[in-house]
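Got your viewer open? Let's walk through this one stop at a time, selecting as we go.

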Amino acid sequence: MAKNSRGRRPCSICRKWFTPDVRQKGRQKTCRSACQKELHRRQCEKWNRKNKAVCKNNYLAKKLEEAEEQQTSGNLPSLSYQKQTKPVLPMEVIIAEYGIKPAIIIQYLVTQVISHNNEKIQGFP
Ligand SMILES: [Zn+2]
């Protein structure tokens, strides 16, 4: 790296050149605290978005895994232990037609769409 810790560098937010504080030993990426805050906000936003997606993926993956375990252990896939919330889907028919995994995905997607709509409705009282 051709980085001089005492040299000037561009701020990663406003792109203005600045001289980093010597006490920060080259870790400083922004010229002033406002830019520092902005950088932090952007990083958090990015992290949150990514994490939300990871969380959702894990949730669905876990459900599919559970269903597979049930199937391989010879038990009939049963969704009856799950709380069927508002969209009561004809799960038995869907499972019979498509199989347990697509059924879970369908259930998941429907739940997502409905909760998304509910959020919207709550936003406009
Ligand atoms: Zn800046």
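Start with Arg 15: at 57% relative accessibility it counts as exposed, because the cut-off for that word is over 50%. You'll find Arg 15 in the loop between S1 and S2. Check its backbone while you're there: Arg 15 has a positive phi of about 70°, although it is not a glycine. Keep in mind throughout that this is a predicted model.

**Zoom out for a moment**

Colour by secondary structure. The protein chain has three helices and two strands, and reading along the sequence gives the pattern β-β-α-α-α. Now colour by accessibility: of the 125 residues in the protein chain, 22% count as buried.

**Next stop: the zinc ion**

Select the zinc ion and show the side chains that coordinate it. Which residues are they? Cys 11, Cys 14, Cys 31 and Cys 35 coordinate the zinc ion, each through SG, at 2.3 to 2.4 Å. Put some angles on the screen and you should get 104 to 117° among the four donor atoms, which makes the site tetrahedral. In the sequence panel, the donors follow the spacing C-x2-C-x16-C-x3-C.

Now pick out just Cys 11 and Cys 35. This pair links distant parts of the chain, 24 residues apart: Cys 11 sits in the loop between strand S1 (9–10) and strand S2 (17–18), while Cys 35 belongs to helix H1 (residues 33–72). Both Cys 11 and Cys 35 are buried.

Is Cys 11 buried or exposed by the numbers? Its relative accessibility is 0%, so Cys 11 counts as buried. Click on Cys 14 for another value: with a relative accessible area of 26%, Cys 14 is partly exposed. And if all those cysteines have you looking for disulfides, a search of the whole structure finds zero.

**Now the nonpolar cores**

Select Leu 60, Leu 64, Ala 67, Leu 89, Met 91, Ile 94, Ile 95, Ile 100, Ala 103, Ile 104 and Tyr 108, and show them as spheres. These 11 residues make up the largest nonpolar core. Colour them by helix: H1, helix H2 (91–98) and helix H3 (100–123) each supply at least two residues of this core. Which helix gives the most? That's H3, with four residues.

Stay here and centre on Leu 64. Leaving aside residues up to four places away in sequence, Leu 64 touches Lys 101, Ile 104 and Ile 105.

There is also a second, separate core, made of five residues; among them are Cys 11, Ile 13, Phe 18 and Leu 39. You've met Cys 11 already, as one of the residues that coordinate the zinc ion.

**Last stop: a pair of rings**

Hide everything except the aromatic side chains. How many aromatic pairs does a search of the whole structure find? It finds one, formed by Tyr 59 and Tyr 108. The pair is tilted, with the rings 5.8 Å centre to centre and 35° between the planes. Like the two cysteines you picked out earlier, these tyrosines link distant parts of the chain: Tyr 59 is in helix H1 and Tyr 108 in helix H3, 49 residues apart.

Turn the surface on to see how each tyrosine sits. Tyr 59, at 43% relative accessibility, counts as partly exposed. Tyr 108 has 13% relative accessibility, so Tyr 108 counts as buried. Tyr 108 also belongs to the largest nonpolar core, together with residues including Leu 60 and Ile 104.

Conventions: Residues are numbered from 1 along each chain as its sequence is written. This is a predicted model: local features need pLDDT of at least 70, side-chain atom pairs count only at pLDDT 80 or more; totals for chains, interfaces and linings use all residues. Side-chain values use heavy atoms; hydrogens and water are left out. Donors are N, O and S atoms within 2.8 Å of the metal (3.2 Å for Na, K and Ca); water is not among the atoms, so sites may look incomplete. Four donors count as tetrahedral if all angles lie between 85 and 135 degrees; four count as square planar and six as octahedral if opposite donors are over 155 degrees apart and all others between 65 and 115; anything else is irregular. Buried means under 20% relative accessible area, exposed over 50%, partly exposed in between (1.4 Å probe, protein chains only). A disulfide is a pair of cysteine sulfur atoms within 2.5 Å. A nonpolar core is a set of buried Ala, Val, Leu, Ile, Met, Phe, Trp, Tyr and Cys residues joined through side-chain atoms within 4.5 Å. Contact means heavy atoms within 4.5 Å. Rings of Phe, Tyr and Trp (its six-membered ring) pair if their centres lie within 6.5 Å; planes under 30 degrees apart count as stacked, over 60 as edge-to-face and the rest as tilted.
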